[in-house]
Amino acid sequence: MLDIKELEQQWKQYNNKRKRPLYIMGFLGLLIVSGSIFVVNKNFDFNKINIDNFSNLLSVKNEQKSIETKPVIVKSKNDYLLNNYLKDMILLTKPKTVESTNSLTPLDDEDLYIEKDISKPVINKKKISIIKVSNNNAYRDVERRFRRTHNINDSIFLANMYYKRKNYKKAIYWSMQTNKLDKNIEESWLIFAKSKVKLGHKNEAIRVLKAYIKRSNSYEARKLLKKIINN
Amino acid sequence: MKNRFEIAKNIFVDSVDVSDYIELGASQAAYRKLESSIDKPLKMVLLFGKPGTGKSILLNRITNELKHKKEIYYFDTPATTQKEFFHKVFKILTKKELPSNAEVNFAALVEFCKGFRGKREIIILLDEAQMYDADLMEKIRLLSDSRAVKFIVSLHKTEDEDLIAKEHFQSRIWEVIELKNANLEELSTYVHKKLLKHNLFEVSNALKDKNLKLIHKYTDGNFRECNKLMYTIFEICEYYDMNDPNKLNYSKLPVKIVEMAALKLGYINA
């Protein structure tokens, strides 16, 4: 007897072990990206840059929004040139604040932050769906597989099942598919004839059975023929 | 009424029952080759392959097919001693029982065989022949030299020992038939055919390509290993079906279940 609880526990361990390299890679990637951002920020000299450079930096920051979590604090608050840069920056991130302030007015501490969206990412939980396959769906799957593999077991199975479900046209179709692949499968001849009778084509069923009996002298076919003629 | 997974599980109980035989391209080719080898005037035929590649079921099938046409005998388990082996051979050749306290005179037995050369043709299939010692194999070779008895010898092929290179096979065996593990396509056909044979088409459809690739990866296409793994997979499904159906997707076998079965059988480790 299986100890499923223990097996599930083992599978959890196995799954964690399998995902471990991915976690490590992800963590290292995050470390490298945040490290490089930190280096770029550290080497940045506000006094040497011009407006064009700053806008470049901004675009970089926008792209890396999801990775960077620390707010950028600008220290040289009184610098006129810096305020101009900040104005440009805030125009992009906080347009409403800029509308109400003069470009030369010193900014509050709060205005020196670039707001970052650090809300938690949405995780799409996979739902386990329990769908009981209907017979029709399963038949369609077998049909699809037959078209791919041309396996006689599938076609004879479908002919049989459709006959049992009283779908005689389909039973005829699948017995013919079987017959195309192998003319010696007795079952396909019999299903074909029985389905023809059910659809009211008795003469055709008799003609087919006679042809098959001539070919194989099958006992089952003779028995069926007798039954059809007597009925 | 039996649970469908219980039925599926029992289909994969490892057996050499001929009615369970699934025809595949490769096994069909091996069967035809063996059949034609039997008709050739060869003295010995070697059938070899790793354990679980279908040697025993092939020997069983050929015995079953030819038993009404030829004098064919299948030794499924190796005799533990030479005495026991020759008692069995004596009974086949003479149709008489040897008293348990008597021993076969080997030289006389060979002469006896030579006596009915051209009148009778006896075929003896020896399964698990790697269990026979070199001395006995040499005596089997001498018997086959009489050309009245033909031996089909089935052996395991092991990684560290190339059996064909063994001295007594190198010079004596005239026809070699090797059975190999199945490729992915063959293994998929094998599993689907087994299930369809028992009308378990919904279970068969629930096995997707991803599952079969994994099964092939774990079992390396070995039929015996595949049977073991499939048995365990359906054993787990049976448990969930009865106790926790929420964990089972009936239209698609969850990969988790294949992995759990592989863990249980030690193909992978936690």
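**Close-up views of a predicted two-chain model**

**View 1. Helix α6 of chain B lies across two strands, β1 and β4 of chain B.** In this predicted model, helix α6(B), residues 134-145, crosses β1(B) and β4(B), the latter covering residues 149-156, and runs at about 145 degrees to β4(B).

**View 2. The open sheet of chain B is built from five strands with parallel pairing.** Across the sheet the strands follow the order β2-β3-β4-β1-β5. Strands β2 (71-75) and β5 (175-179) of chain B occupy the edges and have a single partner strand each, so that one side of each is left without a neighbour in the sheet. From one strand to the next, the twist averages 15 degrees.

**View 3. Strands β1 and β5 of chain B run parallel and are joined by five bridges.** Strand β1(B) comprises residues 44-49, and B:Val45 has B:Glu175 of β5(B) as its bridge partner. Helix α2 of chain B, residues 25-39, packs on the sheet, where it touches β1, β3 (122-126) and β5 of chain B, and its direction makes about 160 degrees with that of β5(B).

**View 4. Chain A meets chain B through 19 residues of chain A and 20 residues of chain B that are in contact.** On the side of chain A that touches chain B, at least two residues are supplied by each of α1 (4-42), α5 (135-149) and α6 (152-164) of chain A, and α1(A) gives the most, with seven residues. Sorted by class, this side of chain A has 12 nonpolar residues, together with four polar and three charged ones.

Methods: Residues numbered from 1 in each chain as written. Chains lettered and ligands numbered in written order. Predicted model: local features only at pLDDT ≥ 70, side-chain atom pairs only at ≥ 80, totals over all residues. Contact = placed C-beta atoms within 7 Å. Helix = DSSP H or I, 4+ residues; strand = E, 2+ residues; numbered from the N terminus. Nonpolar A, V, L, I, M, F, W, Y, C, P; charged D, E, K, R; others polar. Pairing = 2+ DSSP bridges. Axes fitted to C-alpha atoms, helices over the stretch in contact; angles between N-to-C directions.
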